[in-house]
Amino acid sequence: MSEIKAQAKAFTNLWNARPDLRGRVFAINNNSVNGIKGAMNKAMGVVPGVADMCFLKPEGRTCWIEWKTDTGKQSPHQVNFQRLCLSLGHEYHIVRNEQEFLTIINS
């Protein structure tokens, strides 16, 4: 299953099963459909490497979630973003399936 399909399935299931988390788990739109949209996104502050999702945890904590397939690897920009998150005290997780995603959400 592709990263996009796995993420969409997991998010939809979470949305339906946990309405209490709506608005606290969300995707980051980091992709551009063409050069014009890419330039607009860059001008608005979109930067490469940001994780696929963010989870706003209780007590002001932030958790970043990067989706990968079983064989997927982080890009150099993603590794740099992970290091930044961890250096600032945020959580950062790489998930490869819905169960891993739910384990993070439910912890």
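Glutamate 59 lies in the loop between β2 and β3, and this residue makes a good starting point for a tour of the structure, which is a predicted model. Its phi angle is near 60 degrees, a positive value in a residue other than glycine. With a relative accessible area of 76%, glutamate 59 is exposed, because residues over 50% fall into that class.

The two strands that flank this loop belong to an open sheet. Four strands make up the sheet, in the order β1-β2-β3-β4, and their pairing is mixed. At the edges stand β1 (25-27) and β4, each with a single partner strand, so one side of each is left without a neighbour in the sheet. From one strand to the next, the twist averages 25 degrees. The pairing of β1 with β2 is antiparallel and spans 3 bridges; here valine 25 stands opposite phenylalanine 55 in β2. Helix α1 packs on the sheet, where it touches β1, β2 and β3, and its direction makes about 135 degrees with that of β3. Another helix, α4, lies across β1, β2, β3 and β4 and runs at about 175 degrees to β3.

How are these elements linked by charged side chains? In general, side chains of opposite charge can pair when their charged atoms come close. The model contains 4 salt bridges. One of them joins lysine 9 to glutamate 98, with the closest N and O atoms 2.8 Å apart. This pair connects distant parts of the chain, since lysine 9 sits in helix α1 (residues 3-17) and glutamate 98 in helix α4 (residues 98-106), 89 residues apart. The two partners differ in their exposure class: lysine 9 is partly exposed, at a relative accessible area of 41%, while glutamate 98 is buried, at 19%. The value for glutamate 98 falls in the buried class because the cut-off is under 20%.

A further salt bridge brings the loop between β2 and β3 back into view. Here the side chains of lysine 57 and glutamate 91 meet, at 2.7 Å from N to O. Lysine 57 is in the loop between β2 (53-56) and β3 (62-67), and glutamate 91 is in strand β4 (residues 91-95), so the pair ties together parts that are 34 residues apart in sequence. Lysine 57 is buried, with a relative accessible area of 9%, whereas glutamate 91 counts as partly exposed at 23%. The loop thus holds both the buried lysine 57 and the exposed glutamate 59.

Strand β3 also contributes a charged residue, glutamate 66. Which residue forms a salt bridge with glutamate 66? The partner is lysine 68, and the closest N and O atoms of the pair are 3.6 Å apart. Lysine 68 is buried, with a relative accessible area of 8%, and glutamate 66 is buried as well, at 1%. The side chain of glutamate 66 also reaches the backbone nitrogen of aspartate 52, at 3.4 Å. Beyond its neighbours within four places in sequence, glutamate 66 is in contact with Val50, Ala51, Asp52, Gln78, Tyr92, His93, Ile94 and Val95. Aspartate 52 therefore appears twice around this buried glutamate, as a contact and as the residue whose backbone nitrogen is reached by the side chain.

Notes:
Residues numbered from 1 in each chain as written. Predicted model: local features only at pLDDT ≥ 70, side-chain atom pairs only at ≥ 80, totals over all residues. Heavy atoms only, no water. Buried < 20%, exposed > 50% of the residue type's maximum accessible area, 1.4 Å probe, protein only. Polar contact = N/O pair within 3.5 Å; in protein donor to acceptor, adjacent residues only side chain to side chain. Contact = heavy atoms within 4.5 Å. Pairing = 2+ DSSP bridges. Axes fitted to C-alpha atoms, helices over the stretch in contact; angles between N-to-C directions.
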